[in-house]
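Trainee: Got a minute? I have a structure open and would like to talk it through.
Mentor: Sure, put it up.

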Amino acid sequence: MSDHMSRAADRSTALTGDGTSSDVQAGAVTTYVFVSGANGAPAQDPELTLRGHRCVGVELPGHGAARQFDLAYQAPQDLERLAALPSAVAGVTLDDHVEATVTVVRRAAEHGPVVLVGGSLGGTAITKAADEVPHLIHRLVYDAAFCCTDLRSPAEYLETPEAAGSLASAVLAGIVGDPRVIGAVRVNWRSADRAFVDAVKAAFMEGATDGEVLAMMNTLLPDESLLVSAGDARGRPDAWGRVPRTYIRHTRDRTIPLALQDRMIREADAATPGNGFDVRTVDAPHAPTPAVYRRITEILHRLAA
């Protein structure tokens, strides 16, 4: 057998996001690209790496820890100074999040299939990234994330009847400074106020221990842009709508309630007949504990190319 025929025999044909065929090297390593939700730093999944995949987290503009952390945020905290600090995410838009995501997808796609995963607010960036480079994405995964179709933005979806049970407003009790002045919503996640910690637990991590909740809070960045959640995050049926996609429902989510997750799934499916969501379900709050997240890892592992 010639070298050319040998190489051809080792390749399989896969359907790309734009509906055309492309060759994917048999046994090629899948790269999982993770886009975090609000206040999130770049995240990865070590267990997926141990199973032979690649993982990379997108650093969204202004979300580098070195740009967000200040001595005023440490203990003992100087809340007056913290409230007045300029924000690294002031003026950052959804388009900026999309640009950062597309840049990572382009690099990752040079080395094999890409599964693009968005959590919570990160769903907006993965949708619009799929509009830009559908042919480079093997699959989109919305992990209890916003998928905007009939309405333009997460802010609008949080005003719907399906969002009536959301406890997302719990973060309001932790806000430091005037968002209109610093150009961002700044949350003091390092607060030791019992009522605030309990509210965060109820909204994001119900059922977790105090230690697990505090550990989660300490991974979050203080600032999030005012503009991203109001940006137009609707995907185009001829681009985003042609990429295979999975939705991981969190049944105990009190930030994006299950009724709202299901509404977004229904609307997306109606907009793209023939390419509906592959729906998976986990018994989990919005931010799963490490033990619960193992179930999500298993789902992601099985979605590899």
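Trainee: Let's start with L140. Which residues does L140 touch, leaving out those up to four places away in sequence?
Mentor: This is a predicted model, so keep that in mind. In it, L140 touches L116, I126, A130 and W240. V243, P244, R245 and T246 are contacts of L140 too.

Trainee: And the largest nonpolar core? Which members touch the most other members?
Mentor: L140 is one of them, along with L116, I137 and Y142. The core has 40 residues.

Trainee: Which element gives the largest share of this core?
Mentor: Helix α5 does, with seven residues. At least two residues each come from β3, α5, β5, α6, β6 and α11.

Trainee: What about the second core, how many residues are in it?
Mentor: The second core has 21 residues and is separate. V176, F196, A203 and V213 are among them.

Trainee: New topic: the sheet. In what order do the strands run?
Mentor: The order is β4-β3-β5-β6-β9-β10. That makes six strands in an open sheet, with parallel pairing.

Trainee: Which strands sit at the edges?
Mentor: β4, residues 54–57, and β10, residues 278–282. Each of them pairs on one side only.

Trainee: By how many degrees are neighbouring strands turned against each other?
Mentor: On average, 20 degrees, with direction ignored.

Trainee: Pick one pair for me. How many bridges join β3 and β5?
Mentor: Five, in the parallel sense. β3 covers residues 31–35, and β5 covers 114–119. V33 has L116 as its bridge partner in β5. L116 also turns up among the best-connected core residues, the ones that touch the most other members.

Trainee: Now helices. Which strands does α6 lie across?
Mentor: α6, residues 122–132, lies across β3, β5 and β6. The helix runs at about 145 degrees to β5.

Trainee: And α11, which strands does that helix touch?
Mentor: α11, residues 258–271, packs on the sheet and touches β9 and β10. Its direction makes about 165 degrees with that of β9.

Trainee: Last one, cysteines. How many disulfides are there?
Mentor: Zero.

Trainee: Why is C147 not bonded to C148?
Mentor: Because the sulfur of C147 is 7.1 Å from the one in C148, too far for a bond. C148 holds the closest cysteine sulfur to C147.

Trainee: Is C147 buried or exposed?
Mentor: Buried, with a relative accessible area of 0%. C55 is buried as well, at 12%.

Key
Residues are numbered from 1 along each chain as its sequence is written. This is a predicted model: local features need pLDDT of at least 70, side-chain atom pairs count only at pLDDT 80 or more; totals for chains, interfaces and linings use all residues. Side-chain values use heavy atoms; hydrogens and water are left out. Two strands pair if DSSP finds at least two bridges between them. Helices (H or I, at least four residues) and strands (E, at least two) are DSSP runs, numbered from the N terminus. Axes are lines fitted to C-alpha atoms, for helices over the stretch in contact, and angles run from 0 to 180 degrees between N-to-C directions. Contact means heavy atoms within 4.5 Å. A nonpolar core is a set of buried Ala, Val, Leu, Ile, Met, Phe, Trp, Tyr and Cys residues joined through side-chain atoms within 4.5 Å. Buried means under 20% relative accessible area, exposed over 50%, partly exposed in between (1.4 Å probe, protein chains only). A disulfide is a pair of cysteine sulfur atoms within 2.5 Å.
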